[in-house]
Amino acid sequence: ILNEGRLMKPYIVAERRAADGALLWKAQPEVVRQIVRPSTSAIMKEFMEDVVTNGTGKKASIISNGGRWRAGGKTGTTRKSDQKHREYIASFIGAIPINDPEITIFVAIDSPRSDGLYYASDVACPLFAEVAKAALSQLAIPPSFPPEAIPAEVAGQAPARKAKEAQAKSARPAQAASGDSPGAALPPGAILMPDLAGLTMA
């Protein structure tokens, strides 16, 4: 999906070298077939980047003193089939930089135990960001944006974002009291939509 729609033949050994360090053999990328159009791949990259920029994967953002890297991915919060216990698997798969991926990381946490948090956005995304930072540093992959190009909101100075969220909440219609009829203050036939902000499809 992220490689312009091309399915690549996987390999484990990247190269062989002699005892003196001389290169004897180096694996070459091999395309098996085209599985989706390059245009479809580009659209999926945009969707995945939006997950990190504006969606449930915000905590997967990769920002450091060196700048910001474009990341994209998908969160997953899955409830296990055991009906006796509320157990979950939280996961996130992402790539950096999403416009021209160099690294792909998959994080899966089985039955997370983190102060009652189990959504992927809370437990898997932060771990992805930490692993990605270490990998980017090790591989010396330059940032997508230098520090001076990072908006204050994105860099972690979030008063503006919090103010917007507070304003949005104040603009929502008041919920009916627990003992009242949910549609009491609404027009006939209308149904009060529950507030699903911040929730996933789990």
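In this predicted model, the buried residues of helix H2 are Ala120, Ser121, Val123, Ala124, Cys125, Phe128, Ala129, Ala132 and Leu136. An α-helix has 3.6 residues a turn, so residues three or four places apart point the same way. The buried residues of H2 pack against five strands, namely E5 (62–64), E6 (67–69), E7 (72–79), E8 (88–96) and E9 (103–110). Helix H2 itself covers residues 120–139, and its 20 residues reach 26 Å from the first C-alpha to the last, which is close to the 28 Å expected at 1.5 Å a residue. After the helix comes Ala140, a residue with a positive phi near 55°.

One of the buried positions of H2 can be followed in more detail. Ser121, which is found in helix H2, has a relative accessible area of 14% and is buried; the cut-off for that class is under 20%. Leaving aside residues up to four places away in sequence, Ser121 touches Thr56, Lys59 and Pro126.

**The sheet beneath the helix contacts**

Strands E7, E8 and E9 make up an open sheet of three strands, in that order and with antiparallel pairing. Because E7 and E9 stand at the edges, each with a single partner strand, one side of each is left without a neighbour in the sheet. On average, and with direction ignored, neighbouring strands of this sheet are turned by 10° against each other. The pairing of E7 with E8, in the antiparallel sense, extends over eight bridges, and Arg79 stands opposite Tyr88 in E8.

Two helices contact this sheet, and their directions are set out below.

| Helix | Strands contacted | Angle |
|---|---|---|
| H1 (residues 38–53) | E7 and E8 | about 70° with E7 |
| H2 | E7, E8 and E9 | about 35° to E8 |

Helix H1 thus packs on the sheet by touching E7 and E8, whereas helix H2 lies across E7, E8 and E9.

**Aromatic pairs**

Across the whole structure, a search finds three aromatic pairs. In one of these, Phe92 and Phe128 are arranged edge-to-face, with 4.8 Å from centre to centre and 70° between the planes. This pair links distant parts of the chain, since Phe92 lies in strand E8 and Phe128 in helix H2, 36 residues apart. Both Phe92 and Phe128 are buried, and Phe128 is also one of the residues listed above as the buried residues of H2. Elsewhere, ring pairs link Tyr88, Tyr118 and Tyr119 into a cluster; Tyr88 is the residue of E8 that stands opposite Arg79.

**The protein as a whole**

The parts described above belong to a protein with three helices and nine strands. Read from the N terminus on, its elements run β-β-β-β-α-β-β-β-β-β-α-α. Of its 202 residues, 24% count as buried, and the accessible surface comes to about 13900 Å², of which 57% belongs to carbon and sulfur atoms. Among the contacts with a separation of 6 or more, 54% are accounted for by residues 24 or more positions apart; the pair of Phe92 and Phe128, at 36 residues apart, gives a concrete picture of a link between distant parts of the chain.

Methods
Residues numbered from 1 in each chain as written. Predicted model: local features only at pLDDT ≥ 70, side-chain atom pairs only at ≥ 80, totals over all residues. Heavy atoms only, no water. Helix = DSSP H or I, 4+ residues; strand = E, 2+ residues; numbered from the N terminus. Buried < 20%, exposed > 50% of the residue type's maximum accessible area, 1.4 Å probe, protein only. Contact = heavy atoms within 4.5 Å. Areas by Shrake-Rupley, 256 points an atom, 1.4 Å probe, with all protein chains shown as cover. Expected span 1.5 Å × (residues − 1). Phe/Tyr/Trp six-rings, centres within 6.5 Å; stacked < 30°, edge-to-face > 60°. Pairing = 2+ DSSP bridges. Axes fitted to C-alpha atoms, helices over the stretch in contact; angles between N-to-C directions.
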